[in-house]
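Work through the exercises below with the sequence and the model in view. Each task is followed by a solution in steps.

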Amino acid sequence: MLQMKLCGDLVLRTECAPVDKITPEILDVLDQMVDMMVAQNGVGLAAPQVGILSRFLVMMDPDTEIIYKMINPKILSRSTDTTNMEEGCLSVLGSDNLPVYAHVSRPSSVVVEWTDENGTVQTAQMSGVPARIVQHETDHLDGKLFIDYLSPVRREMLMRKVRRRKL
Ligand SMILES: [Zn+2]
């Protein structure tokens, strides 16, 4: 049974190691992560969020409901134009135990390469919400959280809500 790691846990601040072999265990964890993401109404979940310091993630395009299981994802290029969009994270919860949201500016589109669950290398250009999700989730693999992009004042406002969370 996987457990969600929350903001404050050092596992979320650690760079993850590449996957060198796709094992049945990794495939099983990917399936469990999809279940967890869907159950919590999320659109993405990265391995460190369940305490695994390895480079893989799951995400869903909310429009098409296509689910991606990405192993060793890498953003090959980012557009120079940016979009300001609201973001939340299943590891950054507020007083009601639901994600807290903040606007973050990121490149509007990206080209991403990853290995899928069958071991096939895939490449896709993503824009809109999927581009946003894949950037947020690959950040997790480098120990980065969306709150790192906020100004100190806005980050403090958000963290105040996080600290109010009932334990
Ligand atoms: Zn997140």
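**Exercise 1: exposure of one residue**

In this predicted model, Ile-75 has 17 C-beta neighbours inside 10 Å, so Ile-75 counts as partly exposed.

Task: Explain why Ile-75 gets this class.

Solution. Step 1: a buried residue has 20 or more other C-beta atoms within 10 Å of its own, and an exposed residue has 12 or fewer. Step 2: Ile-75 has 17, so the class is partly exposed.

**Exercise 2: surroundings of Ile-75**

Task: Place Ile-75 in its strand and list its contacts beyond four places in sequence.

Solution. Step 1: Ile-75 belongs to strand S3, which covers residues 67-78. Step 2: with neighbours within four places in sequence set aside, Ile-75 contacts Val-110, Val-112, Gln-135 and Thr-138. Step 3: Tyr-149 is 74 residues from Ile-75 along the chain, and their C-alpha atoms are 18 Å apart.

**Exercise 3: the sheet**

Task: Give the strand order of the open sheet and name its edge strands.

Solution. Step 1: the 5 strands follow the order S1-S2-S3-S6-S7, and the pairing is antiparallel. Step 2: strand S1 (44-46) and strand S7 (121-127) each pair on one side only, which makes them the edge strands. Step 3: on average, neighbouring strands of this sheet are turned by 40° against each other, direction ignored.

**Exercise 4: one pair and a helix**

Task: Describe how S2 pairs with S3 and where helix H1 lies.

Solution. Step 1: strand S2 (residues 56-60) pairs with strand S3 through 5 bridges in the antiparallel sense. Step 2: Val-58 has Lys-69 in S3 as its bridge partner. Step 3: helix H1, residues 24-39, lies across S1, S2 and S3 and runs at about 35° to S2.

Key:
Residues are numbered from 1 along each chain as its sequence is written. This is a predicted model: local features need pLDDT of at least 70, side-chain atom pairs count only at pLDDT 80 or more; totals for chains, interfaces and linings use all residues. Two strands pair if DSSP finds at least two bridges between them. Helices (H or I, at least four residues) and strands (E, at least two) are DSSP runs, numbered from the N terminus. Axes are lines fitted to C-alpha atoms, for helices over the stretch in contact, and angles run from 0 to 180 degrees between N-to-C directions. Two residues are in contact if their C-beta atoms, placed from the backbone, lie within 7 Å.
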